[in-house]
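Please prepare a briefing on selected packing features of the structure shown below, covering helix pairs, one helix face and one loop residue.

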Amino acid sequence: MRLADIGKMCVDNLKRRKGRTILTVLGVFIGCTSIVVMVSIGAGMKESQDKMLAEMGDLSIIEVSQGMSDKGTQAKLDDAAVKSFKEMNGVAAVMPKVSLDEMSVSLKAGINDRYQCDWATVVGVDTSVMADMGFELTEGDFPAKGLDQAVGGQYLAYNFTDSLTPEGRNTVDRWSSYDENGNPTELPDPFFDILKTHVTLELSTGEDSQTPYKKTINISGVLKEDYGKGWETSEGIMMSIDDLKSMISAVKGTPAVKLNYSQVLVKAADMSQVAEIESSIKAMGYYTYSMESMRESMEKSARQVQLMLGGLGAISLFVAAIGITNTMIMSISERTREIGIMKALGCYVRDIRMLFLMEAGTIGLLGGIIGLVFSLIISVVINLFAMGAMGGEGITAQIILQALIGGEEVSRVSAISPGLMLFAIVFSVFVGLVSGYYPANKAVKIPALEAIKHE
């Protein structure tokens, strides 16, 4: 028999017993919908976790601090350590950091030092690798070597007070740019443009008799806030390590000396290499911190939830599979004479087997398609409720699209990926074929003469 003939017989047989076919398809539809919705909730949880981790910082960066070696000696963070980190496989960039924690720092700017900041976080880094490390600028450029330049944190300018303005009105409140729901609005302008104003650093060791050391710098760029790379990206200053060493030497009145770094940031070329690099650094005796361990534990938890929810949905599909098997066995019982006639007319055994498998697979396909459509509808409704769009005055096509495929500012409870949609269809057909395999084999084993005599 031709495949087209088998297909036509398959459709005719399913139409002939519409009630039974609809009920069996309904079972597959319920099972498919259960699996897709359950798994999509687990996927939505993982999506939310990934967004939360991305907001917390760069997932490919490892923070390294001083530790203890196997011999009980302190594992120092010096130039030799930085060099060894750079030579590791999979390391894209290494950035040592030195901070001025032991000194008091104040900032002044404007004519006659009108604008003042009583405290500031000042950090020395290898400015040549800032771009490679993933630091971003909201405006300006990274510092150029030898020009007394530095970059300021995103909100550094708001830490200055106006010495000529009465108390209570001498600051610019950037927190007023948030509405009652905590969402940011447009920031007010600071007192001055920090990129066009020289900033003077005043450093001292805290001794009363000491005259503060002053250093004028140019802020060449404003960093985008990223606490994963340091507090200074918000309200501090980052400059060249060499410039910072010169300042420390001048304040203490001692020749320039080699300093141990307070921290070293190591960036992996790929997320998959973070765990291996971090393990190698720990083996050298250093303390490390990265988002990798947190990400792994959260992903493991999300996978467990997905498996549990998917398992609950699979129970429904298993029940549907039993329904398909039962329907096909009943169909064979009713069509025994038909099977005998087909054999008597010379139909191949494989054609009879294919006919019953095709019927079972078609039931699975129809149930899978309908189940997927309903799953998408349920997913959109769940996400609209989570987004607070239900009950609103206008649910636009854009909002529905965001609920369906997500977006940067959208947090979905249920996330149905193209892969999950394809899996739902393929798995439903597979369940149908597996469920129809036993009845199909039973059909081909019926003797032709006995089948013809069957009433």
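In helix H9, Leu376, Val380, Asn383, Leu384 and Met387 meet Ile399, Ile400, Gln402, Ala403 and Leu404 of helix H10, where contact means heavy atoms within 4.5 Å. The model is a predicted one, in which local features need pLDDT of at least 70 and side-chain atom pairs count only at pLDDT 80 or more, while totals for chains, interfaces and linings use all residues. Residues are numbered from 1 along each chain as its sequence is written, and side-chain values use heavy atoms, with hydrogens and water left out.

**Helix H9 with helix H10**
- H9 and H10 (residues 397–405) pack at an angle of about 110°, with their axes 8 Å apart; axes are lines fitted to C-alpha atoms over the stretch in contact, and angles run from 0 to 180 degrees between N-to-C directions.
- That angle makes H9 roughly perpendicular to H10, on a scale where under 35 degrees is roughly parallel, over 145 roughly antiparallel, 65 to 115 roughly perpendicular and the rest oblique.
- The residues of the contact of H9 with H10 divide into 8 nonpolar, 2 polar and no charged, with Ala, Val, Leu, Ile, Met, Phe, Trp, Tyr, Cys and Pro counted as nonpolar, Asp, Glu, Lys and Arg as charged, and the others, Gly among them, as polar.

**Helix H1 with helix H9**
- The axes of H1 (residues 3–16) and H9 (residues 349–387) come within 9 Å and cross at roughly 55°, which means that H1 is oblique to H9.
- From H1, the contact is made by Leu3, Ile6, Gly7, Met9, Cys10, Asn13 and Leu14, and from H9 by Asp351, Met354, Leu355, Met358, Glu359, Thr362 and Ile363.
- By class, the contact of H1 with H9 has 9 nonpolar, 3 polar and 2 charged residues.

**The two sides of helix H3**
- In H3 (residues 79–86), a helix being a DSSP run of H or I with at least four residues and a strand a run of E with at least two, the buried residues are Ala81, Val82 and Phe85, buried meaning under 20% relative accessible area, exposed over 50% and partly exposed in between, for a 1.4 Å probe and protein chains only.
- Seen down the axis of H3, the buried residues fall within an arc of 100°, so they line one face of the helix; the arc is that of the directions from the helix axis to the C-beta atoms.
- The buried residues of H3 pack against strand E1 (61–65), strand E4 (91–99), strand E14 (263–268) and helix H6 (274–283), whereas the face turned away from the buried side carries the exposed residues Ala80 and Lys83.

**Asn170**
- Asn170 lies in the loop between strand E10 (161–162) and strand E11 (199–204), and is buried, with a relative accessible area of 10%.
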